[in-house]
Amino acid sequence: MGEFSAGKSTLSNLLIKTAALPVNVTATQLPPVWISKGDDAPYRVGLDGRHFEIELENLEAVSVEDTAFIRIFHDAELLDHCDLIDMPGISDPNMDADVWERVIPYADAVIWCTHATQAWRQSEAAVWSMLPPALYANSFLLLTRMDKILSERDQMRVAKRVGRETVGLFRELFPISLTRALASDGDAEKWAASGAEDFLNGLHQLLAEIGDRKAEYAAAHAPTEPDEPAKFVMPSRVQPKKLLARRPTSRPVSAPAPLPPL
Ligand SMILES: Nc1nc2c(ncn2[C@@H]2O[C@H](COP(=O)(O)OP(=O)(O)OP(=O)(O)O)[C@@H](O)[C@H]2O)c(=O)[nH]1
Ligand SMILES: [Mg+2]
């Protein structure tokens, strides 16, 4: 999530190692794009829940007004551990907040992108304060476009200020240059210098923790056979899979399922 042009789609493309999502200098007029593992054909989900075929090459033709979200599928390793939802910008005057608000209940965690050069504006803090506080401990704040801040001293200064202003609101803050990460092209030093390595380590750690919590929760709530002796009742092992985003269900989007506590 984040303001328009904060780098959300650039980040999604980096995470799935494919230029699947349109990246634009101006605001992108797209509904949320929900990315899962697989090779199914892409489709859009209408506001009434019906599915409609779409063309991957022509995502920008999808109408924001009557689409809840777009579903696309890729074979990226990260998608073994979570789904991703690439969101539209939060304060685009041409887009109703409903467009992104209706997918929030599906999220277990948020990666918030904020432009390092104007980081953590009031509009961002205001939207974040309206989201479920249960998300905070599972969410990251990315200071994107760090390459636009030239001196190391200024980079540290902005990271420190934003860290101070967001105490308790995020699990962790990572400065990153998404464009440098994309351009590192297998160069480990450039990858680390871009900030991508630290962020990806943090993300994998979070996904593992959420997976463990979900597995424990599922085991603790597994149905038991009342007539059988306790020693024969085995908790069913549930493999955690979709962590950043839950799949749509028939329940209303305003009633998110509880995530086991940290
Ligand atoms: N220099 C620099 N440019 C970046 C960085 N991240 C993204 N950009 C550029 O910023 C522009 C917007 O990036 P997007 O990924 O489309 O931003 P977005 O948040 O998805 O924007 P919307 O979907 O319109 O809300 C593109 O031209 C990107 O190349 C970065 O870390 N450094
Ligand atoms: Mg985008």
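In this predicted model, the shell around ligand 1 is made up of 6 nonpolar, 10 polar and 5 charged residues. Of the 21 residues in the surroundings of ligand 1, those that come nearest are K8, T10, T28, R145 and D147. Two helices, α1 and α5, are the elements that give two or more residues to the shell around ligand 1. The largest share of that shell comes from α1, which provides 3 residues.

Contacts between the protein backbone and oxygen atoms of ligand 1 were examined next. At S9, a backbone N or O atom lies 2.9 Å from an oxygen atom of the ligand. For N24, the corresponding distance from a backbone N or O atom to an oxygen atom of ligand 1 is 3.0 Å. A further backbone N or O atom, belonging to G89, is found 3.4 Å from an oxygen atom of ligand 1. Taken alone, ligand 1 exposes 650 Å², of which the protein buries 89%.

The site that holds the ligand was then considered. Ligand 1 sits in the largest pocket of the model, and the space within this pocket amounts to about 460 Å³. The pocket is lined by 29 residues, among which S5, A6, G7, T10 and N24 are the closest to its centre. N24 thus appears in the description of the pocket centre and also in that of the backbone contacts with ligand 1. T10, likewise, is listed both among the residues closest to the pocket centre and among those that come nearest to ligand 1.

The composition of the lining was resolved by element and by class. Helix α1, spanning residues 8-16, and helix α5, spanning residues 178-183, each contribute at least two residues to the lining of the largest pocket. The greatest contribution is that of α1, with 3 residues. By class, the lining of the largest pocket comprises 13 nonpolar, 10 polar and 6 charged residues.

Note on methods. Residues numbered from 1 in each chain as written. Chains lettered and ligands numbered in written order. Predicted model: local features only at pLDDT ≥ 70, side-chain atom pairs only at ≥ 80, totals over all residues. Heavy atoms only, no water. 1 Å grid on protein atoms, 1.4 Å probe; cavity = no way out; pocket = protein on both sides within 12 Å on 5 of 7 lines; lining within 4 Å. Points joined across faces, edges and corners; volume = space filled by probe spheres on them. Helix = DSSP H or I, 4+ residues; strand = E, 2+ residues; numbered from the N terminus. Nonpolar A, V, L, I, M, F, W, Y, C, P; charged D, E, K, R; others polar. Near = heavy atom within 4 Å. Polar contact = N/O pair within 3.5 Å; in protein donor to acceptor, adjacent residues only side chain to side chain. Areas by Shrake-Rupley, 256 points an atom, 1.4 Å probe, with all protein chains shown as cover. Sits in = over half its atoms within 2 Å of the grid points.
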